[in-house]
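I opened my notebook to look up a few side chains and helices. The entries are short.

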Amino acid sequence: MRIQPLGPQGVLARMRQIEARMEQLFSIRLDEAERRVAAQAAAQGVAAYLQRYGAGVGIGILPASPFDIASLQGLAHQIAQENGVDPALFAALISAESGWNPSAVSPKGAMGLTQLMSETARSLGVIEPFDPIQNMQGGARYLRRMLDEFGSVELALAAYNAGPGAVRRYGGIPPFAETRAYVRRILDELRP
């Protein structure tokens, strides 16, 4: 199902939602001057977004994503390449993490397509974890870090799922059924 892009009023409404979410997540309140600066920055961001991805794509998610799965897969491919990650691996990770649902939330609170925890998202510069592009950029950066740290796809996937501390502690894939199934599922999807 293809959802229509947001118009100018939708963009403004989405900006207000993001502002409210930031206030909620970071326990901050913006004064009027800060709102004007934020609105100006958001307008510049919207312009850059539309220039990069095209006005026909739409922006944000309100309440469902304006992206269909094919669009998300195309963006995932591009973002993976930009981050030096195998696009097929990244697509398999997203499929396993969220089933390509940008609004997915795990029982533990992981959010979006790549299921980022709020602390991890913040450390990766992801301000709005339910924005598909921000989420995929953060997820690709994190996967790249895990690949660089552990040197193998299997261990990087295990670290993505169970955390790098668990992989270090066990000296390999942790003996967690969920993590072992997760790694196996993604590797099976990559096999011809």
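These are my entries on one helix, the ring pairs and the charged pairs.

**Entry: the model**

I noted first that this is a predicted model.

**Entry: helix 9**

I began with the length of helix 9. It covers residues 177–190, which makes 14 residues. At 1.5 Å a residue, I expected a span of 20 Å. The end C-alpha atoms are 20 Å apart, so the expected span and the model agree.

Next I asked which residues of helix 9 are buried. I found Thr179, Tyr182, Val183, Ile186 and Leu187. Seen down the axis of helix 9, the buried residues fall within an arc of 120°, so they line one face of the helix. On the other side of helix 9, I found Ala177 and Glu178 exposed.

What do the buried residues of helix 9 pack against? I traced them to helix 4 (87–98) and helix 7 (153–162).

**Entry: Thr179**

I picked one residue of helix 9, Thr179, for a closer look. Its relative accessible area is 2%. Buried means under 20%, so Thr179 is buried. I then listed its contacts, leaving out residues up to four places away in sequence. Thr179 touches Ala158, Asn161, Ala162, Ile173 and Pro174.

**Entry: aromatic pairs**

I reminded myself how ring pairs are described. The distance of the centres and the angle of the planes do it.

How many aromatic pairs does the structure hold? I counted two. One joins Tyr142 and Tyr160, with ring centres 5.4 Å apart and planes at 65°. Planes over 60 degrees apart count as edge-to-face, so this pair of Tyr142 and Tyr160 is edge-to-face. The pair links distant parts of the chain. Tyr142 is in helix 6 (residues 132–150) and Tyr160 is in helix 7, 18 residues apart.

Are these two rings buried or exposed? Tyr142 is buried, with a relative accessible area of 13%. Tyr160 has 9% and also counts as buried.

The other pair is Tyr170 with Phe176. I read 5.6 Å between the ring centres and 85° between the planes, so this pair is edge-to-face. Tyr170 counts as partly exposed at 43% relative accessibility. Phe176 is partly exposed too, at 32%.

**Entry: salt bridges**

I then turned to charge. Side chains of opposite charge can pair when their charged atoms come close. I counted three salt bridges.

Arg144 pairs with Asp148, and the closest N and O atoms are 2.8 Å apart. Both residues, Arg144 and Asp148, lie in helix 6. They are four residues apart, about one turn of the helix. I checked the surface values next. Arg144 counts as partly exposed at 25% relative accessibility, while Asp148 counts as exposed at 54%.

Arg168 meets Glu149 in a salt bridge, at 2.7 Å from N to O. This pair links distant parts of the chain. Arg168 is in helix 8 (residues 164–170) and Glu149 is in helix 6, 19 residues apart. Glu149 is partly exposed, with a relative accessible area of 39%.

Asp188 forms a salt bridge with Arg191. I read 2.5 Å between their closest N and O atoms. Asp188 counts as partly exposed, at 44% relative accessibility.

Notes
Residues are numbered from 1 along each chain as its sequence is written. This is a predicted model: local features need pLDDT of at least 70, side-chain atom pairs count only at pLDDT 80 or more; totals for chains, interfaces and linings use all residues. Side-chain values use heavy atoms; hydrogens and water are left out. Helices (H or I, at least four residues) and strands (E, at least two) are DSSP runs, numbered from the N terminus. The expected span of a helix is 1.5 Å times one less than its number of residues. Buried means under 20% relative accessible area, exposed over 50%, partly exposed in between (1.4 Å probe, protein chains only). The arc is that of the directions from the helix axis to the C-beta atoms. Contact means heavy atoms within 4.5 Å. Rings of Phe, Tyr and Trp (its six-membered ring) pair if their centres lie within 6.5 Å; planes under 30 degrees apart count as stacked, over 60 as edge-to-face and the rest as tilted. A salt bridge is a side-chain nitrogen of Lys or Arg within 4 Å of a carboxyl oxygen of Asp or Glu.
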